[in-house]
Amino acid sequence: MEIEKKTNTSVQQVKKPVHKRKSAKRREWENLGAGLLYLLPALLIVGVFLFYPMMKTLYYSFHVTNASGAVINFIGFEYYRTLFESSAFRTSMKATFLFALYTVPTTIIISLFLAVITNEKVKGVPFFRVVFSSTLGISVAAGATIWLLLFHPSLGVLNNMLNAFGLSGVQWLTSPNVALISVAITTIWMNIGFNFIVLLGGLQNISEELYESAKIDGAGYWRQLFNITIPLLSPTLFFVSVVTIINSFQTFGQVDILTGGGPANSTNLIVYSIFREAFYNGYFGYASAQAIILFVLVLIFTYIQFKVGEKKVHYQ
Amino acid sequence: MMKKIIIYTLLILSSLIITFPVLYAVSASFMTSAEINRGALLPSSLSFENYVAAFNNVPLLHFLFNSFVVSFTVMIGQLILCSLAAFAIVFIPFKGRNFVFFLFISTMLIPWEATIIPNYVTIQNLGWVNTYPGLTVPFFAIAFGIFLLRQHFLTIPKELYESAQIDGCTRFKFYYKFVLPLSKPMLSALGIFGFLTTWNMYLWPLLVTNNNDVRTVQIGLKMMVSAETGTSWNVVMAGTVMVLLPTLLLLILGLNQLKRGLTAGALKG
């Protein structure tokens, strides 16, 4: 049937060569109009709530404003200078990077491990896949609230277990040396679901035959893992690492619920810092300068990852 | 055989660790305060007292309703706007459509958190603080959705479009009679993803709601935490279970579709 109709088109096109040029021009305009009409709603949203505010953030970062966002005067790079001289901001940046360092590799390694063991053909594997994906369905607020209880100095399960082994409890959320690690543990747990799903999907896309022929060549489990699985999974690993690192720079909810940025700013990650400066202290310009730094940070890291990725990633 | 034992051991140990926080939360939501203080792992009896208390202490049902309205609205909004945009990019040949696609993809580089200050001002100027539009409209178009649907629409044969046009099918009719039904798996993946992420949203609802009118359940949970952690952890845990139950169920039911969507996004990205 389709073929029949296709021939119909060509017949029609042959029949009207005279009008062709004119109608082609008109159709071009029609298409442009229709295309923009279909795109309009999405363009409007993206324009108003992403591109415009990004520009506006840049603008704010050079201006003093009042608490409702009205600009008072231009001050150039003053906020950026203050930021780089501020020890609070340095602490906040250090925490942001340390946090990425704590969470990103660990999340990926654990998720990869879980994906590898659920990619084995044993009975009951679908059940375990659901279990390992489950943390994707848990909201930041709910997850952090549960961990708030687990970390509780006297009621928490973690300290109870330590005490049972005769060890003294840890000040999970109130010690400046430990708090960031506690927030990281919570985050790793919450991120496992997403990373697991994507990595498992990647593993399932690797063709069975490769393993078969590797087995015939006498390659053992570990050699298969490092010579077939990891290289062929590299596009997926790459995707996951880009997403996880960007997510780690955007962390907010768990900080707000677990520590409120404390103790001594040790968990004052950049988004939390932006939030506090803008909406508690009313310094829109100062907070916007930090938001621009966040934007640049994401840009740089994505760029580096794509540069490194180009060389290391093995596309099939 | 040996390998099987190792794998099952690893599977079981890992799932115990992963599920422990949630299982403990469920368990604690049935405990008495005395049991929590004692550090018990299991409640001695199954009583729904804490759930009743949770629903009485904060307007939890109202918050759940708000979260449902907000998540559902964003889901529908994303499905409509993203599919229209992806349709235009794939099926309407006009100059600059690749540029438009690139423009959408480039928004992935803008962290939403970096734009919250002007966005908050915009919402204030629109009079959308404490309203559903304030909570939903900014999220109607996401690059991930447009990307996912575009990749799928590209697999629909162009011949189908041509023959439909000859049959007198208008462009819009082709969009909703052919393209949308043919894309059901991707649309449901995007729908589940949109619902989940919106339900779990935290920073934005915290900013644009300052009373209980449209406040979502995540912020309700935070209110509960700051109000009751000193005394009744069991009630807080009952609230937490109510908050995570809907999305956990949705995730479990829609896992396969979601996985298909996320995997497609990862491999082609």
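The following dialogue goes through a predicted model with chains A and B.

Student: What conventions apply to this model?
Tutor: Residues are numbered from 1 along each chain as its sequence is written, and chains are lettered from A in the order in which they are written. In this predicted model local features need pLDDT of at least 70, side-chain atom pairs count only at pLDDT 80 or more, and totals for chains, interfaces and linings use all residues, while side-chain values use heavy atoms, without hydrogens and water.

Student: How far apart do the C-alpha centres of domain 1 and domain 2 of chain A lie?
Tutor: The bounds come from an automatic or database domain assignment. Domain 1 of chain A covers 20-56 and domain 2 covers 87-312. The distance between their C-alpha centres is 38 Å.

Student: What radius of gyration does chain A have?
Tutor: The radius is taken over C-alpha atoms, and the globule rule is 2.2 Å times the number of residues to the power 0.38. For a compact globule of 316 residues the expected value is near 20 Å. The C-alpha trace of chain A spans about 90 × 70 × 35 Å along its principal axes. Its radius of gyration is 27 Å.

Student: Is A:S248 buried or exposed?
Tutor: A:S248 is found in helix α10 of chain A, residues 221-249; helices are DSSP runs of H or I with at least four residues, strands are E runs of at least two, and both are numbered from the N terminus. Leaving aside neighbours within four places in sequence, A:S248 is in contact (heavy atoms within 4.5 Å) with A:F99, A:A100, A:T103 and A:V104. Buried means under 20% relative accessible area, exposed over 50% and partly exposed in between, with a 1.4 Å probe and protein chains only. Because its relative accessible area is 5%, A:S248 is buried.

Student: How many helices and strands does chain B have?
Tutor: Read along the sequence, the pattern of chain B is α-α-α-α-α-α-α-α-α-α-α-α-α-α. The count for chain B is 14 helices and 0 strands.

Student: What share of the 269 residues of chain B count as buried?
Tutor: The C-alpha trace of chain B spans about 75 × 65 × 35 Å along its principal axes. Among contacts in chain B with a separation of 6 or more, 74% join residues 24 or more positions apart. The buried share of chain B is 57%.
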